[in-house]
Amino acid sequence: SAEVADVTLSTVPVVSESTGSAQPWRRVSPGTKIMGRVSELTVREGDRVRSGQVLARLESADLEAAVAQARAAVIMAEATLENAAAHHARMEDLHAQRSVTDKNLEDATAGHRVAAANLDVTKANLTAAEVMLSYATIESPVNGWITSKFIEAGDMAGPGRPLFVIDDLSRVKVTINVPESVVVGLSAGQDAAVTIDVLGQVTPGTINRILPNGDPMSRTFDVEMVLDNSEGTIKSGMYARASFNVGTRDAILIPASAIVDRGQLTGVFVVNDGQAALRWVKLGARLGDSAEALSGLRAGERFLVAPSADVYDGATIAAR
């Protein structure tokens, strides 16, 4: 006896597939706000860097001298304020004893306030000098990879000129073009499956955003998806295929065990009145352990689930 099953309609997802390429989640180009000669480079293209890591240093002897001068000014201002505070306290005591005039106390009070204000100014100047000195050290603002470097030791760096390009690949973006008939069924936050062919892996992703301005010529819209890439295996520019469900439809599915290959042709043994008849079928997409029969079978017919090697066209079948 042989196992026989009915041909039935199954509900299957409608999948849309589009292609694109992987891009970094963030791409930054750190530089400096001051003019200076590069004294040291600590990275090169391809290096992985962390946020806050030093990438380059500029010559900074003049800036360091300015910081030292500002610190000395703060020390002098603190001493002046200390002396003015002591003088003011003495004038208050003497004024209480009527040993000095009101004018003497007023002058001491004003001197104390001027000294306090001068200390604030010197501290602000020190902060400004330290900030200027910090511009001589170029640090990475993100975790990522150095993909481009535009300077060498000895070059002059200046404001507004990017010195490096750093790609943050902890996550990657995949932007694909989707037809308008499909984009109406998509929304931000929807799950998607992205295949990176060169890596041979399927990565779950999420639709991050759908750009509202479509291409009027091709009637397509840009859909951006985000993939986790904490291991860093996906590189910028890799080819990607994205697929996502956009609905359902009815289809005839048959198990792979029922499919008989005859060279370039594929068929299924249909059972009618206890006899097997080889029916050529056109197959579509594979869905797990089954395949969709696009033509050749109708709902309600019966077929052999796993025909043995000795089954032939016209053979008598004892169904079970």
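Strand 14 and strand 15 form a hairpin with two residues between them, and in the turn G263 has a positive phi of about 65°. The structure is a predicted model, in which local features need pLDDT of at least 70, side-chain atom pairs count only at pLDDT 80 or more, and totals for chains, interfaces and linings use all residues. Residues are numbered from 1 along each chain as its sequence is written, and side-chain values use heavy atoms, with hydrogens and water left out. Helices (H or I, at least four residues) and strands (E, at least two) are DSSP runs, numbered from the N terminus.

## Strand 15 and its partners

Strand 15 covers residues 265-272, and six of its eight residues are buried, where buried means under 20% relative accessible area, exposed over 50% and partly exposed in between, with a 1.4 Å probe and protein chains only. Two strands are said to pair if DSSP finds at least two bridges between them, and the table lists pairings of strand 15 in that sense.

| Partner of strand 15 | Sense | Bridges | Opposite residues |
|---|---|---|---|
| Strand 14 (residues 260-262) | antiparallel | three bridges | D261 and T266 |
| Strand 16 (residues 275-280) | antiparallel | six bridges | V271 and A276 |
| Strand 19 (residues 302-304) | antiparallel | two bridges | V271 and R302 |

V271 thus appears in two of these rows, standing opposite A276 in strand 16 and opposite R302 in strand 19. Strand 15 and strand 16 also form a hairpin with two residues between the strands, and D273 there takes a positive phi near 55°.

## Helix 1 and helix 2

Helix 1 runs over residues 61-96, and because 36 residues at 1.5 Å a residue should span 52 Å, the 53 Å between its end C-alpha atoms agrees with expectation; the expected span is 1.5 Å times one less than the number of residues. Along helix 1, the residues L63, V67, A70, V74, A77, L81, A84, H88 and M91 are buried, and what covers the buried residues of this helix includes helix 2 (102-134), through contact, that is, heavy atoms within 4.5 Å.

The axes of helix 1 and helix 2 come within 8 Å and cross at roughly 165°, which makes helix 1 roughly antiparallel to helix 2. Axes here are lines fitted to C-alpha atoms, for helices over the stretch in contact, with angles running from 0 to 180 degrees between N-to-C directions, and angles under 35 degrees count as roughly parallel, over 145 as roughly antiparallel, 65 to 115 as roughly perpendicular and the rest as oblique. The crossing of the two helices is left-handed, meaning that the near helix is turned anticlockwise from the far one by less than a right angle.

## Two arginines with positive phi

Most residues other than glycine have a negative phi. R98, in the loop between helix 1 and helix 2, has a positive phi near 60°, and its 79% relative accessibility counts as exposed. R219 lies in the loop between strand 11 (201-210) and strand 12 (220-228); its phi is positive too, near 55°, while its relative accessibility of 49% counts as partly exposed.

## An open sheet

Elsewhere, four strands form an open sheet in the order 6-5-3-8 with antiparallel pairing. Its edge strands are strand 6 (137-139) and strand 8 (156-157), each of which pairs on one side only. Strand 3 (residues 36-41) pairs with strand 8 over two bridges in the antiparallel sense, and R37 stands opposite M156 in strand 8.
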